[in-house]
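Please load the coordinates in a viewer and keep the sequence panel open alongside. The stops below are given in the order in which they may be selected.

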Amino acid sequence: MEIVGKTNIDFLGLRRVAFIGSTLMVLLGLIASVQIARGQANLGIDFVGGTSVQVLFERPVDLGEVRRVLAAGGFADSELQQFVGGRRLFIRMKASGESVAGTGAKIKETLTQGFSDNPFILESSNEVGPVIGRELQVAALWAIVISLLGIVTYIAWRFEFRFGIAATVATFHDVLVVLGIFFLMGKEITLLIVTALLTLAGYSLTDTVVVFDRIRENFRARRRGSLAEIINASINEVLSRTIMTSLTTLLAIFAIFLLGGEVLRDFSLALLFGIVVGTYSSVFVASAIVYEWRVRGRRPGVRAKRQAQSLH
Amino acid sequence: MKRHLTWRAGLVAAAALLSFVYIIPSIPGFAPLPGWWRYVRPLIFAPPPEPISLGLDLQGGMHLVLEVDTDKAVEIVVERRVAEIRRAVEREGIAVETLERRGTNQIFLEVKGERALGQLEQILGNYPEMARSQRGATGLLLTQSAREVAAIQERAVEQNVEKLRNRVDEFGVREPLIQREGDRRIIIQLPGIKDPERAIKLIGKTALLEFKLVDEQHSLEEALAGEVPEGSEILYQNTLDPQGRVVQRFAFLLEKKTLLTGDVITSARARPSDPASDFEVSLQFDREGAKIFEEITRKNVRRRLAIVLDGNIYSAPVINEPIAGGQAQITGRFTPEEARDLAIILRAGALPAPVEVIANLTVGPLLGQDSIRAGLQASILAGVLVILVMAVYYRLAGLIADMALFLNLVMMLGVLAGIQATLTLPGIAGIALTVGLAVDSNVLIFERIREELKVGKTARSAIDSGYSKAWVTIIDSHITALITAMALFLFGSGPVRGFAVTLGLGVLINLFTATVGTKVVFDWLILRGMKRISI
């Protein structure tokens, strides 16, 4: 069985449209990054410190009522989320001072008194001191820097310099686009979301590497024809692999999104977006950059040939 | 080719078998390991098989990060030195103007008349680690060396770990983890704990027990108005309601000097108090402590002796007669549970330095089970979907890839159990994600084989060149994924680390199953005379 069979799509012909769309999305991602750096974005309590409590009531509760009870108990600025037909309640409060110890117990106490006729169990509580939050921010930043640096170094070593740069741009593109989408949706940026972003960086790169490998191979092994024809042919040749892998990975993540529970929902959502964007970018961003760069270089034909020989 | 095939097939079979052995203990209802395993294990240097260890987010429990106030530990030591020096100068009859702690690690000493300065020489000779510098004609500033300060801080953290371990052990938690992290942090994990609030009370309390006399020479009212006499302090006795909220506060004026501390306690027990509505904690002192206690009570009959725990007065009974035998009670309207916990922490002893809880993750057991179920269902659905897609799209070859996928999962669980890595909820997500990614290598290979077949190659040579051509790409993609997993492992914490572990393992194992594993099957089919591939 074959889904796409032999194709001959002019991917590079679509690059200008793709560049415009990508630039807009990346700008959005950059805005999100700036807002995060300024502390204006919805950063999770694991990064800024605070308390989150998850309780399961016996009967559904009214959100307004919960808000009133919490406000009376001195927790006015808490964010609430409801699941499982209004029985499960997720309360989140950012740290106001340096100490968060005991906040969870106090919230539980407040709820016990406010809903004495509707018993609940405390499913989980998480108190993160602002000190730890700042440390996690630094650690997350390091994880991003180290993994991107490691990947770029590897690609630069395995391929020629321009491929390395193009792959890196495509990877940043994907991370920024998904970050931008999450920012726009007002999603909380937690440690797990950062993990998802790094994972999709790895995934998107794999996709790019597969396309680049084929482009390099085609440069080396054959062929007559223009640069655009070779790149287009390469993308078309690996297209069925690209689609198959994206499909299986999407299915697996969709299963997590569907059944994995609330903890993993946003995490898998980020990965879902990431795979779509990653597949798109390996074709339209990474390959297009390599093409543009080569075409704009001096005497492209000769250069392409010489470099093709020195590639491996 | 045949010889190589046997060798590779053996390798795959051994990997599968070994992994399965390690999974056995994790299967609910624990099937015992086969008897021969006892003899084989030492031969292959395998660690003893244990169930896969679950993260706190899956089994429920408590994860605490404590920060030790090491400055306070230094202050306490310096304060103790001050007390020692004071006793010594009193014994020698040296006239001292001031003797007090300055800052964290300094002592300021001023004597009356320069002649007295010389008399100090012998006493201060006992403290070679304190640097002396003259302040004016009659003053001395003693400073602890930086090395000594570091040693005190180090010791404080070590001792805190020790004391906390004692407390937790007595509290009765299965497989607790108490571990030092960095310079001044302690990590405590209490899996499956039922009453987290009680655990926090038990762990977070410094439990510094002090006996101090009530200052009855001066007026409490004047002290409360702001004129606290020198050498005295105001402390409170709090009356709590059953929810632990303060309903009443009684102020006491106490003499600052601590007569006896909890160091001398040899045993502490909870028992019903006399009108048996509440519980109290009875203490037994060691011989030295008993002697001091008897002396205190003999010298101060008719005065009130306050029992102070962490700066709160529990009771301040009147001493009716000298008490010999070294026994005392702490009364304070305790519930049986509170009395029991107080007895535990008094037996384990005070923390040399106070701790602050800077992070506390508590997961209830029900949520943990929910998460395991959700994770399992997600993984199974992911597996079924991927297996179906592969089988439909690549037919027999797809089924072979599915077998490799299954082997991948078995090996993943086996390795997780073997290296005793901790499985977390994001870790399960990592496994499900690996399911999706795992087939990528085979997709790459199969697409190559299809291409080779299209140019008219035979099954055998199409398979061989398909594998070898796809190899470069597979290596490239696996290494980039590994780099990500490593960065996540190095900088991630807790659950994220669990994700990094399963992602990294998945990538490594996949390299083996998708290349060696599936190739063995293809080669075997070719050897059996297969001429056409169903792909």
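Two strands are said to pair if DSSP finds at least two bridges between them. With that criterion in hand, select strand E2 of chain B, residues 61-68, together with E18(B): 8 bridges join the two, and they run antiparallel. Within this ladder, B:Glu67 stands opposite B:Glu356 of E18(B). The model is a predicted one.

**Across the chain boundary**

Keep E18(B), residues 355-363, and add E4(A) to the selection. These two strands, from chain B and chain A, pair in the antiparallel sense over 5 bridges. A convenient position to label is A:Ser124, which stands opposite B:Val363 in E18(B).

Now extend the selection to the whole sheet. Which order do its strands follow? The open sheet has 8 strands and reads E2(A)-E3(A)-E1(A)-E4(A)-E18(B)-E2(B)-E8(B)-E7(B), with antiparallel pairing. Its edge strands are E2 of chain A (79-83) and E7 of chain B (177-181), each of which pairs on one side only. From one strand to the next, the twist averages 20°.

**The interface**

Next, display the residues of each chain that contact the other: 71 residues of chain A are in contact with 62 residues of chain B. About 5,500 Å² is buried between chain A and chain B, and carbon and sulfur atoms give 66% of that area.

The polar part of the interface comprises 15 residue pairs in polar contact, with both residues at pLDDT 80 or more. On chain A, the elements that each supply at least two residues to the side touching chain B include helix H4 (103-114), strand E4 (120-128) and helix H8 (227-259). By class, that side of chain A has 38 nonpolar, 19 polar and 14 charged residues.

Between chain A and chain B there are 7 salt bridges. To see one of them, select A:Lys108 and B:Glu197, whose side chains meet at 3.3 Å, N to O.

**Chain A by itself**

Hide chain B. Chain A contains 10 helices and 4 strands, and from the N terminus its elements run α-α-β-α-β-β-α-β-α-α-α-α-α-α. The C-alpha trace of chain A spans about 80 × 45 × 30 Å along its principal axes.

Select A:Asp266 and A:Lys187, whose side chains form a salt bridge at 3.2 Å, N to O. A:Asp266 lies in helix H9 of chain A and A:Lys187 in the loop between helices H6 and H7 of chain A, so the pair ties together parts that are 79 residues apart in sequence. Over all chains, the whole structure holds 46 salt bridges.

**A second sheet, in chain B**

Restore chain B and select E13, E14 and E17 of that chain, which form an open sheet of 3 strands in that order, with antiparallel pairing. E13 (265-272) and E17 (327-334) of chain B are the edge strands. E14(B), residues 279-285, and E17(B) pair over 6 bridges, and B:Gln284 stands opposite B:Gln327 in E17(B).

Two helices of chain B pack on this sheet. Helix H9 (residues 287-299) of chain B touches E14 and E17 of chain B, and its direction makes about 105° with that of E14(B). Helix H10 (residues 336-348) of chain B touches E13, E14 and E17 of chain B, and its direction makes about 175° with that of E13(B).

**A hairpin to finish**

Finally, select residues 130-135 and 139-144 of chain B, which are E5(B) and E6(B), joined antiparallel by 6 bridges. B:Met130 stands opposite B:Gln144 in E6(B). The two strands E5(B) and E6(B) form a hairpin with 3 residues between them, and B:Gly136 in the turn has a positive phi of about 70°.

Notes:
Residues are numbered from 1 along each chain as its sequence is written. Chains are lettered from A and ligands numbered from 1 in the order in which they are written. Side-chain values use heavy atoms; hydrogens and water are left out. Contact means heavy atoms within 4.5 Å. Buried area is the accessible area (1.4 Å probe) that two parts lose on being put together, summed over both. A salt bridge is a side-chain nitrogen of Lys or Arg within 4 Å of a carboxyl oxygen of Asp or Glu. A polar contact is a pair of N or O atoms within 3.5 Å; within protein, one must be able to donate a hydrogen and the other to accept it, and residues adjacent in sequence count only if both atoms are side-chain atoms. Ala, Val, Leu, Ile, Met, Phe, Trp, Tyr, Cys and Pro count as nonpolar, Asp, Glu, Lys and Arg as charged, and the others, Gly among them, as polar. Axes are lines fitted to C-alpha atoms, for helices over the stretch in contact, and angles run from 0 to 180 degrees between N-to-C directions.
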